[in-house]
Amino acid sequence: MKASVPLMPMLTLALALAACEREQRPTHAPPPASSIGNPSQPAGAVARAHDRYEQNAYAVSQGKTWYRAYNCNGCHAQGGGDVGPALMDATWRYGADPASIYATIAYGRPNGMPAFGGRVPEDQIWQLVAYVRSLSGQLPSSVAPSRSDGLQAGKPEARREKEKIRPEPPSNPGELR
Amino acid sequence: MNAAMSSNEPAAAMQDALRAAGTQAQHIGALWNGTLVLCTLVFVAIVVATIVAVWRAPRADAATRPDTTSLEGPEHRIWRRVGWATGAAVAGLLVLLAGDVFTSRALARLPLRDAVNIELVGHQWWWEARYRDGDPSHEFTTANELTIPVGRPVIVTLRANDVIHSLWVPSLSGKKDLIPGRTATLRLRADRAGTYRGQCAEFCGLEHALMALLVHAVPPADYEAWAARQRQPASEPADPVARHGRDVFLGTSCVMCHTVSGTPAQARTGPDLTHLASRQTIAAGMFPNNRGYLAGWIGDPQALKPGVNMPANTLPPDDLQALLAYLETLR
Amino acid sequence: MTAPDPRHDTLERRMPRADPAAATALERTWRDPPGIIGWFAAINHKTISKRFMVTTILFFLAGGVLALLIRLQLAQPNAGIIGPDRYNQIFTMHGSTMMFLFAVPVMQAVATYLIPLMIGARSLAFPRLNAYAYWIFTMGGIMLYAAFFVDAGPDAGWFAYVPLSGPQYSPGKRVDFWAQMITFTELSGLMEAVVIITTILKLRAPGMSLNRMPLYVWTMLVTSFMVLFAMPSVMLASTALITDRLVGTHFYNPGEGGDALLWQHLFWFFGHPEVYLIFIPPLGFISSIVATFARRPVVGYPAMVLALVTTAFLAFGLWVHHMFATNLPELGKTFFTAASLIIAVPSAVQIFCWIATLGSGRLHVKTPLLFVLAFFFILVLGGLTGLMLASVSLDTQLHDTFFVVAHLHYVLLGGAVFPLFGAFYYWFPKFTGRLLNERLGRWNFWLFFIGFNVTFFPMHLLGLWGMPRRVYTYPAEMGWGDMNLVASIGAATIAASVLLFLVNVARSLRVGAVAGPDPWGAGTLEWSVASPPPMGNFEVIPVVHGRYPLWQPQPEPTHVEGMSNEWREVLVTTVADAEPDHRLWMPSSSVWPFLSALATTVLFVGSIFTPWAVVWAAVPVAVATTIWFWPRRAVVRERVRSELRP
């Protein structure tokens, strides 16, 4: 692709001022791998980084695509849970905040959740995080995905009631949190 | 056949409805020629009639008394002329209709004995091709580039994975849409050896413009040799650098989306790479398949094809070179 | 400088002029209220129509700018000026603007100005509904552009095929704004159609039987009936799309029993008649202009009317020709090939009649006629490429390529925009009282004609050479760069021509030659009143005895007496023969159509985000429309009194 002519930045600038975050199609590479995904990062920085995804309908929609492509539904079904725990209810074993979910996907968890960190790129993990949160209705209905094509397993994510998150008491006292 | 890695640019592949290399395109081309002649004659006739009418009529101005004699009685002479012209128009239309019916009939009568069966699935923004066979062990999957034998009919079964696409290789045949939930069929035959380019012809999203397809029409013996090679899984790379490249492939995001037969990589989200090195192009017919472009594509596909589903992969340079070496062994 | 009134003394027009007191009273009765509130409360059909025309022309200019951006990006291979996302929004906005916000509405806008004047009526039927239709249209257009400017513009094409435009592949609200824009514009179109049909059938001056109606009025009658049948189809399609996206229905989901092709059928069942909605009114423009500038009535009036009606019926039987590349049964497709070929016949009849009119007349060659003559070149070429596309086999090569882009622009610009420009040059003196400059007009015309052909003719070749549509770029080695560059240069020429038109309008409004009532020596009723017309249109309502009342001797009776000038009274006549039937009072100016439109807008825009908007926002709509229709006691009393003792 040829480098953009000055017109493009001008156009972008003009529109960026009024750009609606929800509708942007981020098509270029995300920032280089940094410590954004590091759970030891200050919560604020992580939250701000994650907002980019959770407020963007395209990102959440991509998250839904990866959920299927990477066979998350092999263990979690369409959110109802199977071998793995349900993702659409109010119980979150390892934390419902974006940083915790990121850590779950990237570094894995005991009892069977694999670590996808080296294989699923950071950008896509954030998209998955946003999508997983939408499964329990945490996202506003204008951003969350609506019904998908194909057989329907349940209500579209955009129509789900927002579940009130409650942490699950550990069944095994020694279990990591 | 093709040694894709040696060329810097893809072979100038033909994508031209006026240069038919297959029987279907030829039939349509004949209809085009006839229709063009007839329509040009009609166009010239009407334009000349208008110009003559305007040229010969005397001039007037706003104060000229209007001629209202036509309101008092019928203008038979003029009505007769309009009648004849209308009759000629109807005759011309019947000729066009007949031409269309005869051409449709010819297209439907393509002999299908000994056909190659290809199942094409349209994805955003690449083509998945599965060569079917009576013997399931002879089936194989490839992507974005088809090889077909010259002179043998090809039955392409069309399905869509996501949105509506359309297969169009103008030098060989007209187009047919790939519609989710439906199965369509396109029958064609290449009558001349060569490489023909096709493009998705139904708007399918961000990278509709960069969703091309190459069709290599080769002598039947060459086709059998190619198909035999395609049926083989990827062989164990001899070179240790390539073996390290395979480990990179299996240890990073490549394995999440791509299949390489003979390895644990069996994902079907992205194109099948088992014989990547046998293709002339990458990114659905868009860029030459050489180290430079491949490195750029793997490093940052969004720079070449913004919006594509393949993510950026920042690999250490050694790993990247090893990976490229491995991919080169996938002939 | 005043244009001479070319009506000869020997043309017998024994219609008396109203006395000055009556004319003043009439003006006062029909005028719009003053002030800011008055501006929103205006319902006079000419006022609304002028706003409507200006609004549609603004959308035309916006669509034109979008087209220039497209041509800028495509002028060179891999230009890299506009990325794929922005480009997809731009071409979607270009198509949607031109088709939904310009082409059909402008025809309705011009009609709502001209029709009462052509049929001898003082008003449209349902003037408040006409105002509401304008406001709804404008607000829908503004909503769409507001979305576009915040990066939420639709990007799935003006035709928005599912599943691409469905909830899974078009995340966010972009397509919802598009779908709701459809609701706005189709609601407006349907209302305008109701207004136009009722006006034409019930408010014609006495003596103007159906077979004496100007051909332009026939085109608007036919078009409006087509609107009634075509637009509900797209409203249904877009509503089903909205519910698929908003609440999860499965109309277009094959996995749950829906069908992706359902969208195409519903859309094109509207979409094909839509292009005839755009094409048929300009046929009326051409008839008016040819008659006036050939100084004779158009040849074959009954054939012309029958051709219009036939075209309208046939137009509903063609839609599958947009779907020839799908896997519908081949025999069925061939039926639509035949229908698509047959529809050429009535159009051919009309073209032959016009050529005969020109050939047997005496020609006054002015800018309006030039634009009409361009029709015979451009539309005919476009129609012939349409016949090529009608063949299923040929279409499988040409569909979705730049050949279709060339075809559609040839028929739409040649068949509609060129005659529309001719109509503007022709009726501008009537609208404004001033003539457009003739020299600038010729420059306007030739730049447009040459620029148009330079832009769109190469696209035929590009399509044949393999270039598909809706692509944001193309590779250099395809060999398409040269023709694309030529097309882009042509586009710049068209832009220059349109700019010249705007300059001509701006100048002429200030210093143009003053036009009398009839600068062209035309034959239909709108040219019998002042330019611009008084607020009540006709100081004295004429009785009509022929198709060209200003050209033919008018025996007794010549006019209607006894209509009130104190109240907004119109004369309702019978449908076929226009015999006087009864008198009717038209409503007064009111701000409630505007407020109802505002409430409706809140309902429509809200329902993009939540289905509850349909419930809650219905309340203000109900309140506003109730107040709109609430009769005023004093007025009812006066009307009853006037009926008992006229």
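Colleague: What makes the five strands S3-S2-S1-S5-S8 of chain B an open sheet with edges?

Modeller: In this predicted model, the five strands stand in the order S3-S2-S1-S5-S8 in chain B, and their pairing is mixed. The edge strands are S3 (140-143) and S8 (184-189) of chain B, since each pairs on one side only. Neighbouring strands of this sheet are turned by 25 degrees against each other on average, direction ignored.

Colleague: How do you know that strand S2 and S3 of chain B pair?

Modeller: Two strands count as paired if there are at least two bridges between them. Strand S2 (residues 126-132) of chain B and S3(B) have four bridges, in the antiparallel sense. The condition is therefore met. Within this pair, Glu128(B) stands opposite Ala143(B) of S3(B).

Colleague: Which strands stand at the edges of the sheet S4-S10-S9-S6-S7 of chain B, and why?

Modeller: This is an open sheet of five strands with mixed pairing. Strand S4 (145-149) and strand S7 (176-178) of chain B have a single partner strand each, so one side of each is left without a neighbour in the sheet. From one strand to the next, the twist averages 25 degrees.

Colleague: How do you know that S9 and S10 of chain B are partners?

Modeller: The requirement is at least two bridges. Strand S9 (residues 194-200) and strand S10 (residues 212-218) of chain B are joined by six bridges and run antiparallel. They therefore count as a pair. Here Arg197(B) stands opposite Leu214(B) of S10(B).

Colleague: Which strands does helix H3 of chain B touch in this sheet?

Modeller: H3(B) packs on the sheet and touches S4 and S10 of chain B, its direction making about 135 degrees with that of S4(B). Helix H3 (residues 220-231) of chain B also lies across strand S1 (116-123), S2 and S3 of chain B, running at about 100 degrees to S3(B).

Colleague: Why is Asn144(B) called buried?

Modeller: A residue is called buried when its relative accessible area is under 20%. The value for Asn144(B) is 7%, so the residue counts as buried. Asn144(B) is found in the loop between S3 and S4 of chain B, and its phi is near 70 degrees, a positive value in a residue other than glycine.

Colleague: What makes such a phi value worth noting?

Modeller: Most residues other than glycine have a negative phi. Asp114(B) is also listed with a positive value, near 65 degrees. Asp114(B) is found in the loop between helix H2 (76-108) and S1 of chain B.

Colleague: How do you know that Cys257(B) is in no disulfide?

Modeller: A disulfide requires two cysteine sulfur atoms within 2.5 Å. The count over all chains is zero. For Cys257(B), the nearest cysteine sulfur, that of Cys254(B), is 9.1 Å away, so the condition is not met. Cys257(B) is nevertheless buried, with a relative accessible area of 12%. For Cys72(A), the nearest cysteine sulfur is that of Cys75(A), 8.9 Å away, and Cys72(A) is in no disulfide either.

Colleague: What is the peptide bond from Val162(C) to Pro163(C) called, and where is Pro163(C) found?

Modeller: This bond is cis, with omega near -5 degrees. Pro163(C) is found in the loop between helix H5 (127-149) and helix H6 (174-202) of chain C. The bond from Glu556(C) to Pro557(C) is also cis, with omega near -15 degrees.

Notes
Residues are numbered from 1 along each chain as its sequence is written. Chains are lettered from A and ligands numbered from 1 in the order in which they are written. This is a predicted model: local features need pLDDT of at least 70, side-chain atom pairs count only at pLDDT 80 or more; totals for chains, interfaces and linings use all residues. Side-chain values use heavy atoms; hydrogens and water are left out. Helices (H or I, at least four residues) and strands (E, at least two) are DSSP runs, numbered from the N terminus. Axes are lines fitted to C-alpha atoms, for helices over the stretch in contact, and angles run from 0 to 180 degrees between N-to-C directions. Contact means heavy atoms within 4.5 Å. Buried means under 20% relative accessible area, exposed over 50%, partly exposed in between (1.4 Å probe, protein chains only).
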